[in-house]
Structure formats: C-alpha cells, structure tokens
Amino acid sequence: MDALVDLTYKTENNRAIIYLYLIQKILKDENFKPYFYVELKEMSNNSIEKIKGFLKKNGLFHYVEDIEVVKKQIHNKEKEILKIITKHPKYVPKLRILKDLDEVLDIYEHDIPFAKRYLIDNELIPMTYWDFEKNKIKRKDIPKLKAIAFDMEVYNRNAEPDPQKDPILMASFYAEDFKKVITYKPFSHEYVEVVKDEKELIERIIEILKNYDIIYTYNGDNFDFPYLKKRAEVYGIKLNLGRDGEEIKISKGGMHLRSYIPGRVHIDLYSIARRLLHLTKYKLEDVALELFGVKKLEVGHQNIGKLWEENDEKLIEYSFQDALYTFKIGEYFLPLEVMFSRIVNQTLFEITRMSSSQMVEYLLLKNAFKNNTIAPNKPSNEEYQRRLKESYEGGYVKEPIRGMHESIVSFDFKALYPSIIISHNISPDTIDCECCKDESEKILEHWFCKKKEGLIPKTLRNLVERRMEIKKKMKEKAKKGEIDEEYKLFDYEQKSLKILANSHYGYLAFPRARWYSKECAEVVTYLGRKYIQQTIKEAEKFGFRVIYSDTDGFYAIWKEKISKDELIKKVHEFLDMINSRLPGNMELEFEGFYKRGIFVTKKRYALIDENNKITIKGLEFVRRDWANIAKKTQKAVLETLLIEGDVEKATKIIQDVVDDLKKGKVNKEDLIIYTQLTKDPKEYKTTAPHVEVAKRILKKGGRLRIGDVIGYIITSGEKSISERAKLPEEAEDYDVEYYIENQILPPVLRIMEALGVSKEELKNFGKQVTLDDFFKINKKE
DNA sequence: GCGGACTGCTTACCT
DNA sequence: ACAGGTAAGCAGTCCGCG
C-alpha cells in the first residue's frame, strides 16, 4: 500500500528523470519526455523540413529528440500540429525561438513545468493510496505520513537578524513521537536537549527533519529555511534534507521565496492561513487564537536576544509553543489541502503554494489534456496590460430600505455563477462558435455552442456532480449517525469542490488566465443580474416586500403582518413556483429567518435570528481598520437595538464608553487601529497614518513586507492624524477627542440615524444623561 | 482667510 | 496575483463669500 507524496525530476546523464516519492520507496520514470507544440501556417513536409533546417543551422537540433505530427483541438477546431519532443526540460525555453519563424503561427504549452506536466499527462492522484499496477485508487483515506513541526529562534540585536553574524539559538520540534527544544545553552525545561554549539544544533536539525514526510513551518519559506541555509553555509554544512539526500532548494516564486525539500512536503502554514482564514493579523498567535481559542505565550522578536542572555526559560516555552501550534495548525489545514491536491492533481507542496486561480488553471490543463485540447498561452505583457484596462458590469445591488425590519426571510441562488455557466454552456471554447451562428437567442450579442460542452462548463459540472454525490453520501451517513472519520473526509472533499467551483467565474476575468474571456464573464454577470432582478419582481408580485439584495440573494418581509408559520409557508410556495421555472440546475433556496434586522446602506446591515444569534455584515464591527473600542461599542449598540429595540439604552452605552475614554480607562490594545500595507511605502501618492508609521519603522531599520498589517494609535497633538499615528509601544497617550469623534461616534451614529433617530432626539437623550461632548458631534453636521 | 464641499486615493468589506 | 460593487476615512484642493 503506497501513495505519491512528492514528485520532481532530476538530471542524470543529461536526461530528465521523473522521481516519484512514495511513502515506502522512490520510483523513477525514465520514459517521460518534455515537449511543446508548434502550430504551422501550413502543415507540409516542406514546412517541417524548413524548421529542421533552421534548428540545424542554429545548432539547436541536438536539443530535439523527436518531432511528431499530432491531431489536436486548437482554436475550437481539430488540426494537425507539431509536437516537439526535447531531450531535457531546459531546452524548451531555447526552442521557443521557433515562434519567430515564417512557417510558424504560434507555439503552445511551452511553459508548463516538467514535473507538473507529468501529473497532467498521467493518471496518478497524489496523496491517495494507489494501486501502481492497475493504476487506480486503492483507498480514499488520507495516507498516514509522519509529520513534524519545526521552528527556530534567532539572536537579534535590536534590529533584523543578520545571518552572517546572528546565530540560531534554538530549534523546536513537535511531532507525535518527538517533542523537543534543542539548544546549546543549559535551560531547565522538560523538553530541552542541549548540544555543544550552533554547528551541532544545525546538524541535529538536519538529522531530525530527515525522519519525517511532512514538515510544517510558520513562514519557513521566507525565514526559517533561508536563514538555516545561510547559517549552515557559515559552517560549511550542506542542507541535504531531501529523501534521497538532495539539498533543499530555495527559489524565488514571484515576490516570495519557497523552500522545497525533494521527497518531503514542506508546508508553510503562514500563506495557507492568509488564504483560508479571514483575520485582522496573521501572526502565529493570532491564528492559534482563532482556531483553538488559546492564548499562546508571546515574547516579541526584539526581546529574544535579551531573554537568551538572561537564560530566561520563557524563551524555551515560547519556542516550544511555536512548534506545538504550528503542528496543530498544520493538522487543521492538511485534509483540505490534500483534497485540493487530489482534485487538481498536483503535489501537496505545489498545491499549498497555489492561489485559487492557479488551481483552476491546473485543473483546466488536466481536463484540456483529457479532451485532446491545446491550452491557450498565457498573455504576453502587452496583452496583460490590455486586459487590465477592460472592465464590465458585475452583480446587481439593490439600495436597501433603511432602518429596522421584523420577520425577515432571506433567499439565495444555489451557486449562482457556476450554475449559470453550466446551464448556458458559457466557455471561451463555446462562445460565438461557427456551428451555432444562426442560433436565434443571443445574450449580449453572443451565443454559446449547442453541440459541444465547453471546457469550463464540463469541468464545473464534474465538480458540482462530484460534490452532490458526496453530499448525498454524507446525508446517508448522518441518518445512520455515522459522524466518523470518513464523514469528516467527505466534508473536506465537498468543501474543496465548492471552493474550486466558485473560483471559475473569477478565473474567466482574471487578466493572467490562459482561458481568459471578458465576454464570457460579462455574460455570466448579465445573466446573474437578470435572474435576481426577475426573481425580485416575482417576489414582490407574490406578496413579499424586498428590503435588500446583493448579487445572488435577497432579504424580504411579507407585505402584511402574518405569523411566522404562515410566512414560512409563503416562502415555500414561492420557491416551488420560481424553481419550476428556472432552467437547468439553477435553484433558489430559502436561506433563513430573522426576527429583526437593521439595514444601514448597501453592503452594511445586521440581523438577529430566533436564537439571538447576530450576523453583522460590512459594518465597522467586522472591519479591521477600526479600533476595537469602536467595534465593541457598535456591537453593544446593535445588540441592544436588535434584542430590545431600546434607543435610550443604546445611547447610555455610548455615553459610558465616551466617559471611559475621557477618564483614560480604556485598554491600550482596544485603541489600536490595524491597516494593511498594500505597497512599498515610497509608492503611496497620499499621506496616510499606516504609511507614515511604516516609513518610521523602516527608518529605524525594521523589516516590513508588502502585505504586513500595521497597528497604530492616534496620539494627542496639533498635527495631522497621520503625523500623530504611533506604534502601540511608542505611544505615550491617546487623543481622546479623536477616539470619540472619529472612532466611537460615527459607527454608532450611522446606525441610530438609519433607525430614524433624529439628531434632535439624540440630543434629548443626551441631556437626560448629561452628555456634553456627544452633542458637539451632532452639532457638527 | 475661513470653513464646508468636493475629489482622489486608499482600505476593507459583500456577493 | 479570481471578479466587480460599495462605503467610508484622510489629505488636499476648490469654492463661495461684498
């Protein structure tokens, strides 16, 4: 029983050999050859001879192993093209020059990495117990792999650690069978292992990591492994961590680094957490708190050197917890990533570093290969720039009826865009086809092939059908009370299928996509708007009052007072009517019932259900760029209004917070405003608080990366807000007026105003509780 | 010269 | 580095005003 864990290729005798790393052994495939396609203006022996002549003349012919004529689907037609098979992947870039020949129209699939190509062309599913004789799945459970979490602490002297000078202090490990902090200074802690010096530490790290299949890190791609490598170089040690003794490969993947260990799976959880969670900050402790509700011990990077010198055991505990929670987070994300790896058919290492558009693209490449279809090329830079400028209309958003509503029901379309794409066969290879030109019905001047299913609808239909099957199995299991391991795996699988299905529409309009089609994306949103608007019209006709709608769903109340049971009955009558009219697999669903809801503006509202569960959308409470004190106050006000409808009490809450702020009774942490740095501080055209803070951090020699989230406090003074923004550790006070006028009051006042509480009324409430500053604001408008 | 209105840039959200 | 639609803050500029 074995499974494919990783795959790469190596060069032996100038030949590329595919290495398949299974759990038990390593297999080699020496027969798979790199290739790409050449489309000729005219397929003829003469043209082929000219190409060969050109290659010979330019000393390129020895790169070519063979040239075949193959029949492929290209530009929606079957056509003979050349398949140029080369002796090594590195020759493919050199042979791209063929593109410029007179005889050649274009070249294709010349930029697909060789190991990925192997998985596209071969039926082999990674991370699955596989029958290598019969070439099929043996079992669906996740292969048992030995996993370890790894983390290092590094000396620092009030600045970024410098790998030329600053040593690694300790390494922590967490695995089921190995929990240790290894260092070279005596510390007393149950998990400490002491070695002689840093050199021995590095050797020990290598020795330990070589026992595991999966290595979890938190930012290991960009920090731990590159740093370890540089320190190892200082001692002349090679990081031969690979299964076959290969060295770790640290390469640039776009703006970031990636640390690849052949034959093992290095999973960096930082990028995964950023992709799959939705948090204010993404430090290890933030993620641990979110996922497990535990407060991890924190020491702050700048204190590590000091703690080390003081021999403080806290450092050991901190380091140990880093490894422990990295492991836990790894376990948490692994199943979903395994499902992506299986569905997209790429290795776990690659999958954990792919964006959703990349996953969609590799899935489409796989399906295109199965359909004998040539993949379109990635856009040139000019084409990319052209695409960037293209825009089109998106989803429909209805202006909400502002204020409080009671007994609200919500409806939404089940997977609106995927179902539109499938039902209307919308795809770059079906749009405006020659064969259906005289098709009577046109959508935005376009039509879609009626004879052949497009690549994207076909791929989507496969995802949707697989998901429905799994959901069915899950239902059966749940009925039998079998909420077991298999059930949980089904759940991960259906989740990953859903995520992939939902990514296809965005991919169509992604300017770097191979299968880009603005026209297709435009038709999808057009039909989406049409369906939701028609459904809203029908709902109104039926007797609902639609309060608000956004893209694929809407909130409604019944036109007159009725009981909840009657309302739910109306809901189902309406659904039956609508669904009987909808085409294909499109379906409107009942999403939920809410006792009350406050609608403020488009994309900003709050609801409460029968269990007093509150849902808040778009309001400041859910935004990271507001101080916690402002968010907490808004939440308290919303709760009071939604549960009790008591405006006066809400006013009192606000007054109390204002008083606390004035008295300086508010926690510093509650005053921090978090804002993401989205570009290099130099690039900003405007002055903004977080940018000013970022510039100061850099001036002091601190490290900042694009994408980092900066926390700051507005301190008192006369200058602009940006100039008064300070890092929490350097802020000595806070600007009371700023926090009252710019943080606390705007979010709560917007809600009060939505309820029609006039400024006059607020003033009166204020007088009763002797508010003073509260009214200053009201005066403002 | 002043204050409010308006604009551009920016962020983070919703679907 | 999947899309468009949207609200809102801050900084800077415009505009009216005897």
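Colleague: Let's start with one residue: at 31% relative accessibility, what does phenylalanine 292 count as?
Modeller: Keep in mind that this is a predicted model. Buried would need under 20% relative accessible area, and exposed would need over 50%. Phenylalanine 292 is at 31%, so it counts as partly exposed.

Colleague: And what about tyrosine 332, at 39% relative accessibility?
Modeller: Use the cut-offs again: under 20% is buried and over 50% is exposed. Tyrosine 332 has 39%, so it counts as partly exposed.

Colleague: Let's look at rings now. How are the rings of tyrosine 184 and tryptophan 308 arranged?
Modeller: A search of the whole structure turns up 37 aromatic pairs. In this one, the ring centres of tyrosine 184 and tryptophan 308 are 5.4 Å apart and the planes meet at 70°. Planes over 60 degrees apart count as edge-to-face. The angle here is 70°, so the pair is edge-to-face.

Colleague: How many residues apart are tyrosine 184 and tryptophan 308 along the chain?
Modeller: Tyrosine 184 is in the loop between strand 12 (178-183) and strand 13 (192-194), while tryptophan 308 belongs to helix 8 (residues 304-309). That makes it a pair linking distant parts of the chain, and the separation is 124 residues.

Colleague: Are tyrosine 184 and tryptophan 308 buried or exposed?
Modeller: For this one, the cut-off to know is under 20% relative accessible area for buried. Tyrosine 184 and tryptophan 308 both come out as buried.

Colleague: Back to our opening residues: what kind of aromatic pair do phenylalanine 292 and tyrosine 332 form?
Modeller: Their rings are 6.4 Å apart centre to centre, with 85° between the planes. The pair links helix 7 (residues 284-292), home of phenylalanine 292, to helix 9 (residues 313-344), home of tyrosine 332. Anything over 60 degrees gets the edge-to-face label. The pair of phenylalanine 292 and tyrosine 332 is edge-to-face.

Colleague: Which charged end sits over the ring of tryptophan 308?
Modeller: We've met tryptophan 308 as one half of an edge-to-face pair. A charged end also sits over the tryptophan 308 ring, 4.8 Å from its centre. The charge belongs to lysine 185.

Colleague: On to the DNA. Which elements give two or more residues to the surface near DNA strand B?
Modeller: In all, 20 residues surround DNA strand B, with Tyr605 and Tyr684 among the closest. One contact puts a phosphate oxygen of DNA strand B 2.5 Å from an N or O atom in the side chain of tyrosine 684. The elements giving two or more residues are strand 24 (614-617) and strand 25 (673-676).

Colleague: How many charged residues does the surface near DNA strand B have?
Modeller: Split the surface by class and you get 4 nonpolar and 7 polar residues, plus the charged group. Arginine 623 has a side-chain N or O atom 2.7 Å from a sugar or linking oxygen of the strand. The number of charged residues is 9.

Colleague: What percentage of the atoms of DNA strand C that come within 4 Å of the protein is sugar and phosphate?
Modeller: DNA strand C is surrounded by 26 residues, and the closest include Ser357 and Lys602. Sugar and phosphate account for a share of 88%.

Colleague: What part of DNA strand C is 3.4 Å from an N or O atom in the side chain of lysine 603?
Modeller: Compare some other contacts on this strand. Serine 357 has a side-chain N or O atom 2.7 Å from a phosphate oxygen, and for lysine 602 the distance to a phosphate oxygen is 2.8 Å. For lysine 603, the partner is a base nitrogen.

Colleague: Which helix gives the most to the surface near DNA strand C?
Modeller: Helix 11 (356-370), helix 22 (721-724) and helix 23 (736-754) each supply at least two residues. The top contribution is 4 residues, and it comes from helix 23.

Colleague: One last backbone puzzle: where does asparagine 14 lie?
Modeller: Asparagine 14 has a positive phi of about 65° although it is not a glycine. Its relative accessible area is 43%, so it is partly exposed. Asparagine 14 lies in the loop between strand 1 (2-12) and strand 2 (15-22).

Conventions. Residues numbered from 1 in each chain as written. Chains lettered and ligands numbered in written order. Predicted model: local features only at pLDDT ≥ 70, side-chain atom pairs only at ≥ 80, totals over all residues. Heavy atoms only, no water. Near = heavy atom within 4 Å. Polar contact = N/O pair within 3.5 Å; in protein donor to acceptor, adjacent residues only side chain to side chain. Nonpolar A, V, L, I, M, F, W, Y, C, P; charged D, E, K, R; others polar. Phe/Tyr/Trp six-rings, centres within 6.5 Å; stacked < 30°, edge-to-face > 60°. Buried < 20%, exposed > 50% of the residue type's maximum accessible area, 1.4 Å probe, protein only. Lys NZ or Arg CZ within 6 Å of the ring centre and 35° of its normal.
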